[in-house]
Amino acid sequence: AGPAAMVARAVVEAPTAIAAVRALLTATTGSESCTDAPRGCLLVHAALCGGEETGEIQAELTRRRAETERLLKARLDGALATGELPPGTDTGALARF
């Protein structure tokens with residue numbers, strides 16, 4: 001599994017929302033700072049290097065980003081409901097960030 005799968009798994013499996021965000025950031029920065037493999041995401045690099053022919057890749061990137069945001073927002077909503085996050089926390093804004 002690639003970095004995107006690690007991020008999604010981290011968001012779902014972490015014991016708390018704060019741990020989920022920490023795991024998401026750790027997985028992301030880990031893939032970007034790896035010295036024994038190419039840095040970054042192959043799909044992102046492909047989308048940035050192409051033109052119109054990369055439309056399907058760009059659509060897939062958009063879908064994956066939306067799914068990760070949805071998973072994180074659901075996790076943050078649960079944390080808000082249980083009091084892990086303070087009342088009034090904008091979980092949508094946090095998930096998009």
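The largest nonpolar core of this predicted model has eleven residues: V7, V11, A17, L24, A27, L71, L72, L76, A79, L85 and A95. Three helices, α1 (3-13), α2 (17-33) and α4 (55-82), each supply at least two residues of this core. Helix α4 provides the largest share, with four residues.

One member of the core, V11, shows how these parts of the chain come together. Apart from neighbours within four places in sequence, V11 is in contact with A20, L24, L71, L72 and R75. Among these partners, L24, L71 and L72 are themselves listed in the core.

The overall plan of the chain gives this core its setting. The chain contains five helices and zero strands, and its pattern along the sequence reads α-α-α-α-α. Of the 97 residues, 23% are buried. Among contacts with a separation of 6 or more, 38% join residues that are 24 or more positions apart. On the outside, the chain exposes about 6500 Å², and carbon and sulfur atoms supply 63% of that area.

The contacts of V11 lead to R75, a residue placed in helix α4. What does R75 touch, beyond residues up to four places away in sequence? The partners of R75 are V11, V12, E13, A14, P15, T16, A17 and A20. Two of these partners, V11 and A17, belong to the largest nonpolar core.

R75 is buried, yet R75 has no salt bridge. For R75, the nearest side chain of opposite charge is that of E84, at a distance of 5.9 Å. A salt bridge requires a side-chain nitrogen of Lys or Arg within 4 Å of a carboxyl oxygen of Asp or Glu, so a pair must meet this limit to be counted.

Other charged residues do form such pairs. Side chains of opposite charge can pair when their charged atoms come close. The structure holds four salt bridges, and helix α4 offers several examples. In one of them, the side chains of R63 and E60 meet with N and O 2.7 Å apart. Both R63 and E60 lie in helix α4, three residues apart, which is about one turn of the helix. R63 is partly exposed, with a relative accessible area of 48%, and E60 is also partly exposed, at 24%.

E60 takes part in another salt bridge, with R64, at 2.8 Å from N to O. Here the two residues are four residues apart in helix α4, and therefore separated by about one helical turn. The relative accessible area of R64 is 35%, so R64 counts as partly exposed.

Further along helix α4, R70 and E67 are three residues apart, about one turn of the helix. R70 forms a salt bridge with E67, and the closest N and O atoms of this pair are 2.7 Å apart. R70 is partly exposed at 46% relative accessibility, while E67, with a relative accessible area of 31%, is partly exposed as well. Through salt bridges that share partners, E60, R63 and R64 are joined into one network.

Helix α4 thus appears in two settings. It gives four residues to the largest nonpolar core, and it also holds the salt-bridge pairs R63 with E60, E60 with R64 and R70 with E67. The buried R75 lies in helix α4 too, but has no salt bridge.

Methods:
Residues are numbered from 1 along each chain as its sequence is written. This is a predicted model: local features need pLDDT of at least 70, side-chain atom pairs count only at pLDDT 80 or more; totals for chains, interfaces and linings use all residues. Side-chain values use heavy atoms; hydrogens and water are left out. Buried means under 20% relative accessible area, exposed over 50%, partly exposed in between (1.4 Å probe, protein chains only). Contact means heavy atoms within 4.5 Å. Accessible areas come from the Shrake-Rupley method with a 1.4 Å probe; for residues, only the protein chains shown count as cover. A nonpolar core is a set of buried Ala, Val, Leu, Ile, Met, Phe, Trp, Tyr and Cys residues joined through side-chain atoms within 4.5 Å. Lys and Arg count as positive and Asp and Glu as negative; His and the chain ends are not counted.
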